[in-house]
Amino acid sequence: MQDSKEYRQQQILEYKQIVMPLLRYLPWFEANAGKAASTVYSGDDSTGEGRSLAFPVYDSTVMNFVKEASKSPLMDINYRYVYTRNHIENHDQERKLIESATVTEWGILCGILSKYVLGGRTKGTLWSEAVSEQIFYLVLKQMKSIIEFWDQPFQLERLDRVGF
């Protein structure tokens, strides 16, 4: 029993160290929930031939989050298995799983986060979708809740000091 408790405490400490840098984005994701995190740039087609290629331009906060998250141990390159194993097919199912996740389902949270962070590299709409559908916000919020349940609450003043 003692080994199990010590293992859980060690695991939560590791999670806390991994998630702490990403929590500074939580207020931004909350404030921008439901909004588009990108605009479409179609260029200056001065030739009149319609040859410009449109591409998304993301908010710098989203880009910084994606850059930081993609380097973290939270990324699961096999996130597709999380989706097939849990029969996740839409945003409502994702949100339901996120909100009910406990420490034992940490891998599900990582898989959902990974889909949007890593998948956004090849499918340009995923990052903006994760912001507008509150996926980034809900995953970070749930990870924070899990850690606080098993440990102590985060020092909010330390999180708020990091500006963008």
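## An aromatic cluster

Let's start with the rings. In this predicted model, one aromatic cluster is formed by Y25, W28, F29, F65 and F136. Across the whole structure there are 7 aromatic pairs. One of them joins Y25 and F65, whose rings meet edge-to-face, with 5.4 Å from centre to centre and 70 degrees between the planes. This pair links distant parts of the chain: Y25 belongs to the loop between α1 (2-19) and α2 (26-31), while F65 lies in helix α3 (residues 60-70), and the two are 40 residues apart. Are these two residues buried or exposed? Both Y25 and F65 are buried.

## A closer look at F65

F65 is a good residue to find in the structure above. Its home is helix α3, and its relative accessible area is 0%. F65 counts as buried because that value is under the 20% cut-off.

Which residues does F65 touch, once its neighbours within four places in sequence are left aside? The contacts are L22, Y25, F29, L113, V117, F136 and L140. Another residue to look for is P21: it is 44 residues from F65 in sequence, yet the C-alpha atoms of the two are 9.5 Å apart in space.

## A second pair, with a charge

Now turn to F149 and W150. These two also form an edge-to-face aromatic pair, with centres 5.3 Å apart and planes at 80 degrees. F149 is exposed, because its relative accessible area of 65% is over the 50% cut-off. W150 has a relative accessibility of 42% and counts as partly exposed. W150 has a further partner: the charged end of R8 sits over its ring, 5.3 Å from the centre.

## The nonpolar core

In soluble globular proteins, nonpolar side chains tend to be buried together. Here, the largest nonpolar core has 46 residues, and the members that touch the most others are F29, F65, L74, W106, I112 and F136. Which elements give two or more residues to this core? They are α1, α2, α3, α4 (79-85), α6 (106-119), α7 (126-132) and α8 (135-150).

W106 is worth a look as well. Leaving aside neighbours within four places in sequence, W106 is in contact with Y15, V19, L74, M143, I146 and I147.

## Two sides of helix α5

Helix α5 (residues 91-100) has buried residues H91, E94, R95 and I98. Why do they line one face of the helix? Seen down the axis of α5, the buried residues fall within an arc of 95 degrees, so they share one face. Their cover includes α4, α6, α7 and α8. On the other side of α5, D92 and K96 are exposed.

## The whole chain

Finally, step back to the full picture. The protein chain has 9 helices and 2 strands, and along the sequence they follow the pattern α-α-β-β-α-α-α-α-α-α-α. Of its 164 residues, 39% are buried. The accessible surface comes to about 9,900 Å², and carbon and sulfur atoms account for 50% of that area.

How much of the contact between residues at least 6 apart in sequence joins residues at least 24 apart? The share is 72%. The pair of Y25 and F65, 40 residues apart, is one place to see such a link between distant parts of the chain.

Methods
Residues are numbered from 1 along each chain as its sequence is written. Side-chain values use heavy atoms; hydrogens and water are left out. Rings of Phe, Tyr and Trp (its six-membered ring) pair if their centres lie within 6.5 Å; planes under 30 degrees apart count as stacked, over 60 as edge-to-face and the rest as tilted. Helices (H or I, at least four residues) and strands (E, at least two) are DSSP runs, numbered from the N terminus. Buried means under 20% relative accessible area, exposed over 50%, partly exposed in between (1.4 Å probe, protein chains only). A charge sits over a ring if NZ of Lys or CZ of Arg is within 6 Å of the ring centre and within 35 degrees of the ring normal. A nonpolar core is a set of buried Ala, Val, Leu, Ile, Met, Phe, Trp, Tyr and Cys residues joined through side-chain atoms within 4.5 Å. Contact means heavy atoms within 4.5 Å. Accessible areas come from the Shrake-Rupley method with a 1.4 Å probe; for residues, only the protein chains shown count as cover. The arc is that of the directions from the helix axis to the C-beta atoms.
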